[in-house]
Structure formats: structure tokens, C-alpha cells
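This report is for a reader meeting the structure for the first time. Please look over the sequence and the model before reading on.

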Amino acid sequence: MFSRRKAPATSTLRQQIGARVAARLDADPAVVRAEVTGAQVYYRLDFLDAAQCDTLIAMIDANRRPSSLLSDRNDPGFRTSDSCDMNRYAPEVQPIDEAIAALLGMAPDYGETLQGQRYAPGQHFRAHHDYFHDTESYWQQMQASGGQRTWTTMIYLNDVADGGATWFPQAGFKVAPRRGLLLAWNNMNPDGSPNELTLHEGTAVVEGTKYIVTKWFRERSWLKR
Ligand SMILES: O=C(O)CCC(=O)C(=O)O
Ligand SMILES: [Fe+2]
């Protein structure tokens with residue numbers, strides 16, 4: 001059978017979130033817009049200090065479990081890291097959680113639970129989009145929990161001796177882990193449709209262990225009010 005590809009849905013709400021967050025990041029003297037064509041990508045050096053990074057690393061080590069995958073495909077080799085949910089009300093986590101939201105100007109309750117991830121040598125997260133695909137079976141459920149993912153923020157908690165870069169093969173850039181570095185990108189295009197160029201991969205760690213925290217922001221509140 002031939003399948004006809006529908007034009008990706010544009011969205012005024014996602015368009016507004018994209019523009020508002022970008023304007024805020026552009027106005028922040030500590031934030032740099034990466035020279036990437038076709039996607040809104042920003043970074044902030046030393047967003048967390050060494051002590052904050054070490055605290056989060058210890059929490060990840062204490063609570064990690066094999067990472068799961070939100071997909072209808074069952075591919076055990078796709079994401080081989082460990083993950084853990086960081087309790088947003090824990091006294092060590094809450095200020096960081098709120099600082100990430102404040103950096104973007106997003107309400108904290110739009111953010112999913114901060115997720116810790118740990119990659120040992122050989123572990124990776126294959127190329128994927130962070131936005132939800134409306135063809136997948138989870139789509140309806142995601143509508144009830146804040147809708148589409150808009151911005152992603154990731155913080156590298158340590159330097160990695162070799163490997164572990166985040167690679168955007170279509171947008172054409174790679175970010176090497178660096179302690180305290182926050183990376184943020186808009187998963188949507190300026191018109192609010194999903195931006196395919198945000199495809200990215202957590203490349204395999206070669207030497208050392210990689211620790212990160214990721215927060216995905218939705219288009220509406222993720223927390224039940
Ligand atoms: O580990 C990385 O560099 C990428 C992680 C990632 O893509 C994610 O958490 O969504
Ligand atoms: Fe991702």
C-alpha cells in the first residue's frame with residue numbers, strides 16, 4: 001500500500017512558545033545561540049557548579065534502572081543507558097528544576113520530571129526525536145499529560161574521557177560532554193510543526209562514564225493541577 005504523507009501540523013501555541021523562549025534566551029547574556037542552521041539551539045556554560053553536579057550524580061547512581069523507550073518499536077539495543085527520575089520536591093533538586101524553568105521562562109509545571117541518565121562505556125541512545133509522533137500509540141495519552149514536547153534542556157554533569165557526544169546528524173553538529181554545560185533546543189519549527197532536523201543521538205561512551213540530566217517541556221502543564 002502507498003501511504004500518503006500528511007503535511008506536519010502547525011500550531012499557534014507551539015509557535016508562541018518557541019518565539020517566547022528564544023527571545024528570553026537571546027536576551028540572557030550568559031546564554032549563547034549556537035550557529036546552527038534550521039534549528040534553535042542554545043547553550044549556557046557552568047549552569048551548575050561542580051558540587052551540584054556531584055550531588056545529582058550520586059542521586060543517579062543510587063536510583064538508576066535500565067532506561068526505557070517511548071516507542072511502538074521494540075528494539076532493546078536502541079537505548080542502552082540507565083535512567084532515573086529525579087524527585088522535583090527533593091531539596092537538592094527543586095532549586096535546579098526551578099532554575100531550568102526560569103532560564104527558559106517556562107512554568108515549572110510544564111516540565112516533565114527531570115530525568116537522570118548514566119552511560120557506561122559502550123552505552124548509547126540511538127538517533128531519535130524528542131517530540132512525540134502522532135502516529136504512535138502513546139499519542140492520545142500524551143495529549144492528556146500536557147501535549148507535545150516543545151523545548152529540551154540537557155545538562156552534562158561531568159567531563160567524559162572519550163565519546164558520549166550528543167550528535168545532531170541532520171543539523172550537523174556535535175556537543176561533547178562538559179561538566180555544568182546546559183544545552184537547550186526547540187524541537188519545533190518556528191511555525192510550530194515538529195522540526196525533523198532536531199534528530200539527535202547520544203553517541204557511545206568510549207572511556208569514562210557519562211552523566212546527564214534531561215528535562216522536556218510540554219506545550220501545556222504536565223503536572224496535574
Ligand atoms: O545522551 C545524550 O547525549 C542525549 C540524551 C537524549 O537525547 C535525551 O535524553 O533525550
Ligand atoms: Fe533526546
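Are histidine 128 and aspartate 130 buried or exposed? Both residues are buried. The sections below place them in the rest of the structure.

## The model and its confidence

The structure is a predicted model. The average pLDDT of the protein chain is 94, and 96% of the residues score at least 70. The scores for the model are ipTM 0.99 and pTM 0.94. As a general caution, predicted coordinates should not be read in detail where pLDDT is low.

## The annotated domain

The UniProt record, an unreviewed entry, carries the annotation "domain: Fe2OG dioxygenase" for residues 80-219. Across residues 80-219, strand makes up 35% of the chain and helix 11%. The C-alpha atoms at the two ends of this stretch are 28 Å apart.

## The iron site

Three residues coordinate the iron ion (ligand 2): His128 through NE2, Asp130 through OD and His200 through NE2. The coordination is at 2.1 Å. Along the chain, the donors of the iron ion (ligand 2) have the spacing H-x1-D-x69-H. Of these residues, His128 and Asp130 are both buried, as stated at the start.

## The largest cavity

How many cavities of 30 Å³ or more does a search of the whole structure find? The search finds one. The largest cavity holds about 110 Å³ of space. Its lining is made of 14 residues, and those nearest the centre are Tyr119, Phe125, His128, Met154 and His200. Two of these names, His128 and His200, also appear among the residues that coordinate the iron ion (ligand 2).

At least two lining residues of the largest cavity come from each of β5 (115-119), β6, β12 (200-202) and β14. Which strand gives the largest share of this lining? That strand is β14, with four residues. By type, the lining of the largest cavity has five nonpolar, six polar and three charged residues.

## The largest pocket

The volume of the largest pocket is about 650 Å³. Its lining consists of 29 residues, and Leu69, Leu70, Arg79, Phe132 and Arg149 are the closest to the centre. Eleven residues of the lining of the largest pocket are nonpolar, nine are polar and nine are charged.

The elements β6 (125-128), α4 (139-143) and β14 (210-218) each contribute at least two residues to the lining of the largest pocket. The most comes from β6, which gives three residues. Both β6 and β14 are also among the strands that supply at least two residues of the lining of the largest cavity.

Leucine 70, one of the residues closest to the centre of the largest pocket, sits in the loop between β3 (65-66) and β4 (82-85). Why does leucine 70 count as partly exposed? Its relative accessible area is 44%, and partly exposed covers values between the 20% limit for buried and the 50% limit for exposed. Leucine 70 and serine 137 are 67 residues apart in sequence, yet their C-alpha atoms are 9.7 Å apart in space.

## The loop between β7 and β8

Aspartate 159 lies in the loop between β7 and β8, and valine 160 is found in the loop between β7 (149-156) and β8 (162-163) as well. Aspartate 159 counts as exposed, because its relative accessibility is 54%. Valine 160, in contrast, is buried, because its relative accessible area is 14%.

Each of these residues also has a listed partner further along the chain. The C-alpha atoms of aspartate 159 and arginine 179 are 5.2 Å apart, with their positions 20 residues apart along the chain. For valine 160 and proline 177, which are 17 residues apart along the chain, the C-alpha separation is 6.1 Å.

## Two other loop residues

Glycine 105 is in the loop between α3 (94-104) and β5. Glycine 105 counts as partly exposed, because its relative accessibility is 31%. In sequence, glycine 105 and arginine 24 are 81 residues apart, while in space their C-alpha atoms are 6.9 Å apart.

Aspartate 46 is in the loop between β2 (41-44) and α2 (50-63). Aspartate 46 is exposed, because its relative accessible area is 52%. The phi of aspartate 46 is near 50°, a positive value in a residue other than glycine. In general, most residues other than glycine have a negative phi.

Methods
Residues are numbered from 1 along each chain as its sequence is written. Chains are lettered from A and ligands numbered from 1 in the order in which they are written. This is a predicted model: local features need pLDDT of at least 70, side-chain atom pairs count only at pLDDT 80 or more; totals for chains, interfaces and linings use all residues. Side-chain values use heavy atoms; hydrogens and water are left out. Donors are N, O and S atoms within 2.8 Å of the metal (3.2 Å for Na, K and Ca); water is not among the atoms, so sites may look incomplete. Buried means under 20% relative accessible area, exposed over 50%, partly exposed in between (1.4 Å probe, protein chains only). On a 1 Å grid over the protein atoms alone, a cavity is a set of points where a 1.4 Å probe fits but cannot get out, and a pocket is an open set with protein on both sides within 12 Å along at least five of seven lines; lining residues have an atom within 4 Å of a point. Grid points are joined across faces, edges and corners, and a volume is the space filled by probe spheres set on the points. Ala, Val, Leu, Ile, Met, Phe, Trp, Tyr, Cys and Pro count as nonpolar, Asp, Glu, Lys and Arg as charged, and the others, Gly among them, as polar. UniProt positions are given in the numbering used here, feature names are shortened, and annotations may be inferred rather than shown by experiment. pLDDT is the predictor's confidence in each residue, from 0 to 100.
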